[in-house]
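Biologist: I'm new to this one, so could you walk me through it? I'll ask, you answer, and we'll keep it casual.

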Amino acid sequence: MNFVQRLGNNTLDQLRGWGHAALFFWEMLLAVPAALSRFGLVVAQIYAIGNRSLVIILASGLAVGFVLALQMYYALVTYGAAESLGLIVNLSLVRELGPVVTGLLFAGRAGTSLTAEIGLMKAGEQIAAMELMAIDPKARVLVPRLIGGVVSMPILAVLFSAVGILGAWVVAVKMIGVDSGNFWSIMQTQVDVWRDVGNGVIKSIVFGVICTVVALYQGFETEATPEGVAYATTRTVVISSLWILGMDFILTALMFSTP
Amino acid sequence: MNSDTFIEIEHVSFGYDPSRLILKDISLKFPRGKVTAILGGSGCGKTTLLRLIGGVYPANSGRVVFDGDVINTRDKAQTYKLRRRLGMLFQFGALFTDLTVFENVAFPLREHTALPEDMIRDIVLMKLNAVGLRGAAALRISEVSGGMARRIALARAIALDPELIMYDEPFAGLDLISMGVAAKLIRTLNDVTDATSLVVSHDVAECMAISDFVVLMATGGRIVAQGRPEELMASDDPETRQFVRGEPDGPVKFHYPAPPMDADFGLSAQAATP
């Protein structure tokens with residue numbers, strides 16, 4: 001096979017893969033009403049995906065808040081702008097770090113778990129058994145997890161930002177000695193609920209869809225072997241992370257193109 | 001179609017990769033209300049045949065007829081409607097590991113019926129009693145043995161009283177007692193429920209003992225022989241004799257196709273050297 005044939009072959013494979021993934025997503029959307037009729041399953045998944053990711057999200061949010069306050073203070077104090085610390089920390093967290101870091105952590109914590117779970121269900125023929133019982137595995141297994149992920153992600157991102165701001169307050173006010181009133185009041189005057197917080201939430205919803213769909217697709221399409229599941233789990237993290245970073249740039253450009 | 005035939009395979013060819021066929025132009029009839037064993041070595045397409053009957057894959061050519069209806073895998077509604085009439089026992093049970101034994105058997109009932117919970121409880125306990133595991137209802141799947149898992153899966157497969165029960169390697173990996181129990185259950189369930197049973201296996205002795213008809217398949221999706229168990233046991237055909245007697249070499253070769261020994265070990269080159 002010469003270079004041109006290989007290139008054509010790879011391009012066709014890629015396009016086929018994209019089409020397959022798009023069809024998979026479309027079939028999941030069609031199964032949403034059926035999944036919502038089993039509301040208990042959806043609630044169980046919100047608990048499984050959201051609640052179990054809480055510790056890592058809160059711990060990371062706190063750590064990011066600590067570091068952000070320190071780094072920003074040292075930079076701002078050089079220009080005599082230390083009173084803007086609360087604003088900088090808040091905007092950094094709610095606009096960018098909250099959704100993006102939560103998305104990356106979510107892909108690592110919940111995404112890998114979903115891929116491995118679905119992959120092992122497939123390897124154990126549980127998915128095939130469901131199909132042969134005339135039960136649609138997309139409606140029964142995948143879509144409740146998709147809804148669970150999409151609902152959990154913005155809540156986790158908001159909690160990440162909130163804990164991050166509290167962490168920054170501890171470092172800035174209690175350790176460095178920045179004025180507490182100034183720290184909070186500049187946020188109240190300068191941070192817009194819809195433009196800043198709202199857009200951050202929209203970003204996290206988009207990232208929630210990306211992470212969960214990628215994780216479920218990789219699990220559902222995995223080769224039913226231990227190596228296949230391991231490979232699919234790795235792909236979940238890599239693909240989700242790249243998508244999050246790419247989409248973050250596009251969304252930021254669309255949302256914050258005007259000052 | 002003859003009403004005595006429940007499943008008919010008509011000139012079916014199938015391969016996951018269409019250029020490498022697993023089943024080649026096979027035609028079979030599975031009689032209604034009987035136990036039919038599909039015997040053959042590993043990889044000859046027995047399980048694939050069950051999947052085609054279940055409408056999991058479309059045949060590359062030919063057709064599969066399920067009680068008079070041609071299976072069209074593109075028609076999801078029709079496929080699901082037909083699947084509600086069958087139960088399948090998977091090789092390793094395919095039980096849902098996050099559910100208890102009771103919940104596994106109740107699963108198809110809860111998904112497909114609107115029965116009240118106390119009625120579901122009674123049906124589940126009856127099905128578990130039929131496989132001798134009523135006392136294990138509260139156990140988790142991680143707490144049951146391989147033989148028990150197979151019986152739980154059987155209870156789940158018969159939960160909705162299917163007209164067709166397909167067994168994929170029901171005896172694989174079982175000890176002698178569990179194997180005897182499984183064989184007796186297959187025969188008894190078939191007689192009691194009047195279902196049509198298809199048993200895919202390579203366990204000759206157990207299958208010959210419980211089947212009404214036997215189909216012998218060979219690698220490449222060929223049908224070597226079919227008939228009543230006693231006919232196959234008395235067959236003069238070398239391939240049939242080799243399989244039912246478990247002879248290591250015969251028409252089915254012991255060695256995987258390979259280049260001649262001389263070429264592989266370089267013996268011909270040595271012999272040519274003076």
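Modeller: Sure, one term before we start: a residue is buried if 20 or more other C-beta atoms lie within 10 Å of its own, exposed if 12 or fewer, and partly exposed in between. Also keep in mind that this is a predicted model.

Biologist: Good to know. What percentage of the residues of chain B count as buried?

Modeller: Some background on chain B helps here. It has eleven helices and ten strands, and its C-alpha trace spans about 90 × 40 × 35 Å along the principal axes. There are 274 residues in chain B, and the share that counts as buried is 36%.

Biologist: And chain A, what percentage of its residues count as buried?

Modeller: Chain A has ten helices and zero strands, so to speak a run of α after α when read along the sequence. Its C-alpha trace spans about 65 × 50 × 35 Å along the principal axes. Of the 259 residues in chain A, the buried share is 41%.

Biologist: What share of the contacts in chain A with a separation of 6 or more comes from residues 24 or more positions apart?

Modeller: Let me set chain B beside it: there, residues 24 or more positions apart account for 64% of the contacts with a separation of 6 or more. For chain A, the corresponding figure is 88%.

Biologist: Let's look at a helix pair. What is the handedness of the crossing of α7(A) and α9(A)?

Modeller: Helix α7 covers residues 137–176 of chain A and helix α9 covers residues 193–220 of chain A. They pack at an angle of about 140 degrees, with their axes 8 Å apart. The crossing of α7(A) and α9(A) is right-handed.

Biologist: How many nonpolar residues does the contact of α7(A) with α9(A) have?

Modeller: On the α7(A) side, the contact includes A:Leu142, A:Leu146 and A:Val150, while α9(A) brings in residues including A:Val201, A:Ile205 and A:Phe220. Sorted by class, the contact has one charged residue and seven polar ones. The nonpolar count is 15.

Biologist: Over to chain B. Where do the buried residues of α4(B) sit, seen down its axis?

Modeller: Helix α4(B) runs over residues 117–130, and its 14 residues reach 20 Å from first C-alpha to last, close to the 20 Å expected. Its buried residues are B:Val124, B:Lys127 and B:Leu128. Seen down the axis they fall within an arc of 95 degrees, so they line one face of the helix.

Biologist: Which helices of chain B do those buried residues of α4(B) pack against?

Modeller: First, the other side of α4(B): there B:Asp118, B:Met119 and B:Asp122 are exposed. After the helix comes B:Gly132, with a positive phi near 80 degrees. As for the buried residues, they pack against α3 (101–112) and α5 (146–157).

Biologist: Is B:Ser178 buried, exposed or partly exposed?

Modeller: B:Ser178 is found in helix α6 of chain B, residues 176–193. In space, B:Ser178 is 8.2 Å from B:Met148, C-alpha to C-alpha, though the two are 30 residues apart in sequence. With 17 other C-beta atoms within 10 Å, B:Ser178 misses the 20 needed for buried and has over the 12 allowed for exposed, so it is partly exposed.

Biologist: Last one: how many residues does the contact between the chains take from chain B?

Modeller: Chain A gives ten residues to the contact. The residues on that side of chain A divide into six nonpolar, two polar and two charged. From chain B, the contact takes twelve residues.

Technical notes. Residues are numbered from 1 along each chain as its sequence is written. Chains are lettered from A and ligands numbered from 1 in the order in which they are written. This is a predicted model: local features need pLDDT of at least 70, side-chain atom pairs count only at pLDDT 80 or more; totals for chains, interfaces and linings use all residues. Axes are lines fitted to C-alpha atoms, for helices over the stretch in contact, and angles run from 0 to 180 degrees between N-to-C directions. Helices (H or I, at least four residues) and strands (E, at least two) are DSSP runs, numbered from the N terminus. A crossing is left-handed if the near helix is turned anticlockwise from the far one by less than a right angle, and right-handed if clockwise. Two residues are in contact if their C-beta atoms, placed from the backbone, lie within 7 Å. Ala, Val, Leu, Ile, Met, Phe, Trp, Tyr, Cys and Pro count as nonpolar, Asp, Glu, Lys and Arg as charged, and the others, Gly among them, as polar. The expected span of a helix is 1.5 Å times one less than its number of residues. The arc is that of the directions from the helix axis to the C-beta atoms.
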